[in-house]
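Here's a friendly walk through one protein chain. Take a look at the structure first, and then we'll go through it piece by piece.

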Amino acid sequence: MDVKPLWKRTATAPGKAILFGEHAVVFGFPAVSLAVDLPTTVTTQAYDREPCTLEGSAEAFQRIPYLRETVRCCGGRGLDVHVRSALPRASGLGSSAAVTCGLAAALLSQGSSPLDRAALAKRSFEAEFSAQGVGSPVDTSTLCAGGIVSVGGKGYGKSLWEIPATGGKGPWKVDRLPDPGWDWVVAYTGSPKATGKVVSAVGKTVATSGTAVVEKIAAITEKGIAALFKGDREEVGRLMKENHHWLGELGVSNPRLEEVAEAVREVALGVKITGAGLGGSLLALARPGEETRVARAFARQGTVPFIVKISESGVRLETN
Ligand code: PMV
């Protein structure tokens, strides 16, 4: 006989693509991040028993540190978690953060009251940081906020919340930026990236060579924020190319990413690595109406392109 769960909650989280400032954000400099309409749905059922399972497997749940850490940070036991996602795994598009935020939303839900997004963003980052040991709250805060946000720096728009300093880095201000209403093109290279390793390697580079490159990236991000406020599409594209160049200087590009970026640069206003790099995805901004042309250029390079819109909604709980 089927045992009835104590509760069942379904949360849907968007994906994310970092427009400017990845890596620099780990050092407290600003980043700009887009919540994009590539949804992940996390269904959680709670039972009065152990253990927690993922798709029915206790071993699968235990193998995934960010699931274990989310339960540790938000409380909960006897959970059965099911995930459906439009995101490729380890692609730099926020797949782990989507599961973390979706599960945290279910665990922190207060019945019919609206989600406390600031609390959710803090706990989700705590869980992700404990699982990964490095990093910034850019993924988790983007998914909790929806739309376009700045994370870190001095604050640039309407303040949403602040994430406390963690692991000697931060704190990070999280602000709402205007959405000019453009479509974007993201493309997964097919090579998964390892955020923890890449962030640690960049940390070593910065410790030995200094912060000059991340400061260049921070200056580009600040110009990018001003361009977003003006809705200046050409300037945003130009700054994406500049940001890509400095990510290369930071050591997170590789021949494959360069080959794809080079081919797409000819048809797009801007293209850059998005996320940790050394694999993962690229983000491009097309001229108005030329998104399909840019997506085709990505596809010709053997990557998997998605034309995406901004998801104005952050993670949300479906009403049962
Ligand atoms: O590749 P992703 O989606 O894990 O993004 C990493 C972004 C970094 O700035 C490189 C690290 C971080 O946590 O901010």
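Let's start with one pair of side chains: K272 and E22 meet in a salt bridge, with 2.9 Å from N to O. Keep in mind that this is a predicted model.

**Two domains**

The domain assignment splits the protein chain into domain 1 (7-179) and domain 2 (184-308). Taken over C-alpha atoms, the centres of domain 1 and domain 2 are 22 Å apart. On the contact itself, domain 1 puts in 35 residues and domain 2 puts in 42 residues.

How much area do domain 1 and domain 2 bury between them? The value is about 3,000 Å², and 77% of it sits on carbon and sulfur atoms. If you're wondering about that kind of number, the size of an interface is often given as the accessible area that is lost when the parts come together.

And how many salt bridges does the rule find across the interface of domain 1 and domain 2? The count there is 1.

**Salt bridges elsewhere**

Searching the whole structure turns up 16 salt bridges. One of them joins K16 to D139, whose closest N and O atoms are 3.2 Å apart. Those two residues come from distant parts of the chain: K16 belongs to strand β1, D139 belongs to helix α5, and their positions lie 123 residues apart in the numbering.

**Pockets**

Now for the open spaces. Here are the largest pocket and the second largest pocket, side by side.

| Pocket | Space | Lining residues | Lining by class |
|---|---|---|---|
| Largest pocket | about 860 Å³ | 41 residues | 20 nonpolar, 14 polar, 7 charged |
| Second largest pocket | about 250 Å³ | 13 residues | 3 nonpolar, 6 polar, 4 charged |

Which residues lie nearest the centre of the largest pocket? They are S96, E128, Q132, K193 and T195. Several elements give two or more residues to the lining of this pocket, including the strands β1 (7-20) and β4 (79-85) and the helices α3 (95-108), α4 (117-132) and α6 (195-209). Helix α5 (138-145) is also among those elements, and you've already met α5 as the home of D139. The lining of the largest pocket also takes at least three residues from domain 1 (7-179) and at least three from domain 2 (184-308).

For the second largest pocket, the residues nearest the centre are S109, G111, L317, E318 and T319.

**Backbone oddities**

Finally, have a look at the backbone. The peptide bond running from E50 to P51 is cis, with omega near -10°. You'll find P51 in the loop between β2 (31-46) and β3 (53-54). There's another cis peptide bond from G170 to P171, where omega is near 0°. P171 sits in the loop between β6 (158-163) and β7 (172-177).

One more residue to look up is E55: this residue isn't a glycine, yet its phi is positive, at about 50°. Where does E55 lie? E55 is in the loop between β3 and α1 (58-63).

Note on methods: Residues are numbered from 1 along each chain as its sequence is written. This is a predicted model: local features need pLDDT of at least 70, side-chain atom pairs count only at pLDDT 80 or more; totals for chains, interfaces and linings use all residues. Side-chain values use heavy atoms; hydrogens and water are left out. On a 1 Å grid over the protein atoms alone, a cavity is a set of points where a 1.4 Å probe fits but cannot get out, and a pocket is an open set with protein on both sides within 12 Å along at least five of seven lines; lining residues have an atom within 4 Å of a point. Grid points are joined across faces, edges and corners, and a volume is the space filled by probe spheres set on the points. Helices (H or I, at least four residues) and strands (E, at least two) are DSSP runs, numbered from the N terminus. Ala, Val, Leu, Ile, Met, Phe, Trp, Tyr, Cys and Pro count as nonpolar, Asp, Glu, Lys and Arg as charged, and the others, Gly among them, as polar. Domain bounds come from an automatic or database domain assignment. Contact means heavy atoms within 4.5 Å. Buried area is the accessible area (1.4 Å probe) that two parts lose on being put together, summed over both. A salt bridge is a side-chain nitrogen of Lys or Arg within 4 Å of a carboxyl oxygen of Asp or Glu.
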